[in-house]
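Student: I should like to understand the terms used to describe a protein structure. May we work through one example together?

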2 protein chains.
Amino acid sequence: MSDLSVVAEPGRQDIVMTRTFDAPRDVVFRAMTDPALLPKWWGLRETETVVDRFDFRSQGNWRIVERDADGQEYGFHGVIHDVSAPESYTQTFEFEGMPGHVLMETHRLEEVDGGTRYTSTAVFQSVEDRDGMLASGMETGAGQSMDQLEELVRSLV
Amino acid sequence: MSDLSVVAEPGRQDIVMTRTFDAPRDVVFRAMTDPALLPKWWGLRETETVVDRFDFRSQGNWRIVERDADGQEYGFHGVIHDVSAPESYTQTFEFEGMPGHVLMETHRLEEVDGGTRYTSTAVFQSVEDRDGMLASGMETGAGQSMDQLEELVRSLV
């Protein structure tokens with residue numbers, strides 16, 4: 001059962017998301033960061049995820065495209081600031097449909113009894129940008145991604 | 001005379017800095033982003049600024065070292081997310097003395113009567129990180145950097 005928590009306190013500029021996965025930390029880290037595995041969990045269930053590039057190293061860059069049933073494409077890209085495998089990485093993130101609105105995400109994985117605790121902190125350039133992301137249905141999308149990631153990591157152990 | 005403004009509202013995660021420069025926008029942009037010119041304004045007056053690398057393009061990376069009178073070195077590095085010359089660029093920033101604390105800065109330049117208006121928005125992973133940066137004397141350092149930048153751009157026009 002998912003224990004997903006998405007916290008966005010009023011007036012702040014961040015969204016903090018936590019979830020526990022039933023798999024060892026190195027498996028979760030690999031599933032999150034291996035470009036061959038990303039299409040299996042990233043994005044909504046009904047869209048196809050295409051990894052255009054994902055150079056997963058400190059100072060590498062990435063671009064992912066979501067393609068819906070009508071063939072409409074939605075691009076996302078960013079830069080990876082730091083990688084400390086298998087504990088954490090920090091990256092920037094921009095939806096190409098809203099150029100100039102950039103957020104920075106830090107993903108952390110901790111070993112806990114029986115699995116791995118994931119914490120993502122996304123920080124936005126303004127409160128308005130953050131609230132816009134919430135209004136766009138980010139919570140539903142993140143929930144679907146996290147459920148697909150849980151299915152993936154279970155299949156890998 | 002400097003019109004530097006540094007705003008950090010309570011409970012928020014950002015610092016917004018503005019200043020007007022008495023020079024055309026393209027000159028200010030070049031002074032801010034040309035690795036050959038960076039040592040002339042970046043950092044404190046009493047330190048020497050050494051550009052280790054500064055690959056100024058979208059998805060490039062940078063590292064700058066400040067060296068004080070005793071030869072002590074302080075490293076800073078990050079990744080450039082997007083460049084829209086001469087209007088704006090977004091980058092990450094990490095002081096190597098506090099690894100794991102990353103901020104994201106967006107720098108914007110606007111043409112105004114008689115010069116250029118600069119706005120920098122730095123967003124931090126937490127309110128505590130932001131307040132720590134303020135407590136470290138960031139305002140003094142930024143003021144010195146901006147004054148040196150003003151001297152530089154005046155010499156370039």
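Tutor: The following discussion concerns a predicted model, and each term is set against its definition.

Student: What makes residues of chain A and chain B count as part of the contact, and how many does each chain give?

Tutor: The test is heavy atoms within 4.5 Å. The contact takes 28 residues from chain A and 28 residues from chain B.

Student: How is the size of such an interface expressed?

Tutor: The size of an interface is often given as the accessible area lost when the parts come together. Here the area buried between chain A and chain B is about 2,100 Å², and carbon and sulfur atoms give 50% of that area. On the side of chain A, the residues that lose the most area to chain B are A:Gln59, A:His81 and A:Met104; together they account for 29% of what that side buries.

Student: What kinds of polar link are counted between chain A and chain B?

Tutor: The count of salt bridges between chain A and chain B is zero, whereas nine residue pairs are in polar contact, with both residues at pLDDT 80 or more.

Student: Which elements give two or more residues to the side of chain A that touches chain B?

Tutor: They are strands E5 (73–84), E6 (88–95), E7 (102–112) and E8 (115–124) of chain A. The largest share, six residues, comes from E5(A). By class, this side of chain A has nine nonpolar, 13 polar and six charged residues.

Student: Why is A:Gln59 called buried?

Tutor: The relative accessibility of A:Gln59 is 15%. Buried means under 20%, so A:Gln59 counts as buried. A:Gln59 is found in the loop between strand E3 (48–54) and strand E4 (61–67) of chain A. Its phi is near 75 degrees, a positive value in a residue other than glycine.

Student: What is found for B:Gln59 in chain B?

Tutor: B:Gln59 has a positive phi of about 75 degrees although it is not a glycine. B:Gln59 is buried, with a relative accessible area of 15%.

Student: Which residues does a cis peptide bond join in chain A, and where does the proline lie?

Tutor: The bond joins A:Ala85 and A:Pro86, with omega at about -5 degrees. A:Pro86 lies in the loop between E5 and E6 of chain A. In chain B, a cis peptide bond joins B:Ala85 and B:Pro86, with omega about -5 degrees.

Student: Why is the link between A:Glu48 and A:Arg67 called a salt bridge?

Tutor: The distance from N to O between these side chains is 3.3 Å. The cut-off is 4 Å, so the pair of A:Glu48 and A:Arg67 qualifies. A:Glu48 lies in strand E3 of chain A and A:Arg67 in strand E4 of chain A, so the pair ties together parts that are 19 residues apart in sequence.

Student: What makes A:Glu48 partly exposed?

Tutor: A:Glu48 has 43% relative accessibility. Partly exposed lies between the limits of 20% and 50%, so A:Glu48 belongs to that class. A:Arg67 is also partly exposed, with a relative accessible area of 28%.

Student: Is A:Arg130, which meets A:Asp131 in a salt bridge, buried or exposed?

Tutor: At 2% relative accessibility, A:Arg130 counts as buried. A:Asp131 is partly exposed, with a relative accessible area of 35%. The side chains of A:Asp131 and A:Arg130 meet at 3.0 Å, N to O.

Student: How many salt bridges does a search of the whole structure find?

Tutor: The search finds 28 over all chains. Elsewhere in chain A, A:Arg19, A:Asp22, A:Asp147, A:Glu150 and A:Arg154 are linked in a network of salt bridges.

Student: How many aromatic pairs are there over all chains, and how do you know that B:Trp62 and B:Phe93 form one?

Tutor: The count comes to 20 aromatic pairs over all chains. The rings of B:Trp62 and B:Phe93 are 5.8 Å apart, centre to centre, with 45 degrees between the planes. The centres must lie within 6.5 Å, and planes neither under 30 nor over 60 degrees apart count as tilted, so this is a tilted pair. B:Trp62 is in strand E4 and B:Phe93 in strand E6 of chain B, 31 residues apart.

Student: Why is the pair of B:Phe76 and B:Phe93 called tilted?

Tutor: The ring centres of B:Phe76 and B:Phe93 are 5.6 Å apart and their planes are at 45 degrees, so the pair is tilted. B:Phe76 is buried, with a relative accessible area of 15%, and B:Phe93 counts as buried at 11%.

Terms used:
Residues numbered from 1 in each chain as written. Chains lettered and ligands numbered in written order. Predicted model: local features only at pLDDT ≥ 70, side-chain atom pairs only at ≥ 80, totals over all residues. Heavy atoms only, no water. Buried area = accessible area lost by both parts, 1.4 Å probe. Polar contact = N/O pair within 3.5 Å; in protein donor to acceptor, adjacent residues only side chain to side chain. Helix = DSSP H or I, 4+ residues; strand = E, 2+ residues; numbered from the N terminus. Nonpolar A, V, L, I, M, F, W, Y, C, P; charged D, E, K, R; others polar. Buried < 20%, exposed > 50% of the residue type's maximum accessible area, 1.4 Å probe, protein only. Phe/Tyr/Trp six-rings, centres within 6.5 Å; stacked < 30°, edge-to-face > 60°.
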